Amino acid sequence: MHEKPYRSVVKSISWRTLGTLDTMIISYFVTGNLVMAASIGSIEVVTKMALYYFHERAWNRSSFGRVKPPANDYQI
């Protein structure tokens, strides 16, 4: 089954939301301060998106695990 691009966008947003909530909860347990936990979560959501972007771009440049299709392979 083929997935529409907007499904990937929604999945990305929901995953990032879950990850940020996790960071905020852990930060709260470590610091005991809700404001500090929210601050850490707010910074984390931005830095993780930037890190993911550069991580993804680096992988796009790598040929690791890629296989070239045979020369006679074509699509109609």
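Begin with the whole chain in view, in this predicted model. The chain has a radius of gyration of 19 Å, whereas a compact globule of 76 residues would have one near 11 Å. Turn the C-alpha trace along its principal axes, and the spans are about 65 × 25 × 15 Å.

Next, display the surface. The chain exposes about 7,200 Å², and carbon and sulfur atoms supply 67% of that area. Of the 76 residues, 11% count as buried.

Now switch to a cartoon representation. The secondary structure comes to two helices and zero strands. Select residues 5-31 for helix H1 and residues 34-61 for helix H2. Two packed helices are described by the angle between their axes and the distance between the axes. Here the axes come within 8 Å and cross at roughly 145°. The crossing in which H1 passes H2 is right-handed.

The contact between the helices is the next stop. On the H1 side, select Arg16, Gly19, Thr20, Thr23, Met24, Ser27, Tyr28 and Thr31. On the H2 side, select Leu34, Met36, Ala37, Ala38, Ile40, Gly41, Glu44, Val45, Lys48 and Met49. Coloured by character, the residues of this contact divide into nine nonpolar, six polar and three charged.

Finally, centre the view on one residue of this contact, threonine 23, which is found in helix H1. Is threonine 23 buried or exposed? Threonine 23 counts as buried because its relative accessible area is 15%, and the cut-off for buried is under 20%.

Which residues should be shown around threonine 23, leaving aside its neighbours within four places in sequence? The residues in contact with threonine 23 are then Ile40, Glu44 and Lys48. These three also appear among the H2 residues that meet H1.

To close the tour, select valine 45 together with threonine 23 and draw a line from C-alpha to C-alpha. The two residues are 22 residues apart in sequence, and their C-alpha atoms are 9.2 Å apart in space. Valine 45 is also one of the H2 residues in the contact with H1.

Definitions and conventions
Residues numbered from 1 in each chain as written. Predicted model: local features only at pLDDT ≥ 70, side-chain atom pairs only at ≥ 80, totals over all residues. Heavy atoms only, no water. Axes fitted to C-alpha atoms, helices over the stretch in contact; angles between N-to-C directions. Helix = DSSP H or I, 4+ residues; strand = E, 2+ residues; numbered from the N terminus. Left-handed = near helix turned anticlockwise from the far one by under 90°. Contact = heavy atoms within 4.5 Å. Nonpolar A, V, L, I, M, F, W, Y, C, P; charged D, E, K, R; others polar. Rg over C-alpha atoms; globule rule 2.2 N^0.38 Å. Buried < 20%, exposed > 50% of the residue type's maximum accessible area, 1.4 Å probe, protein only. Areas by Shrake-Rupley, 256 points an atom, 1.4 Å probe, with all protein chains shown as cover.
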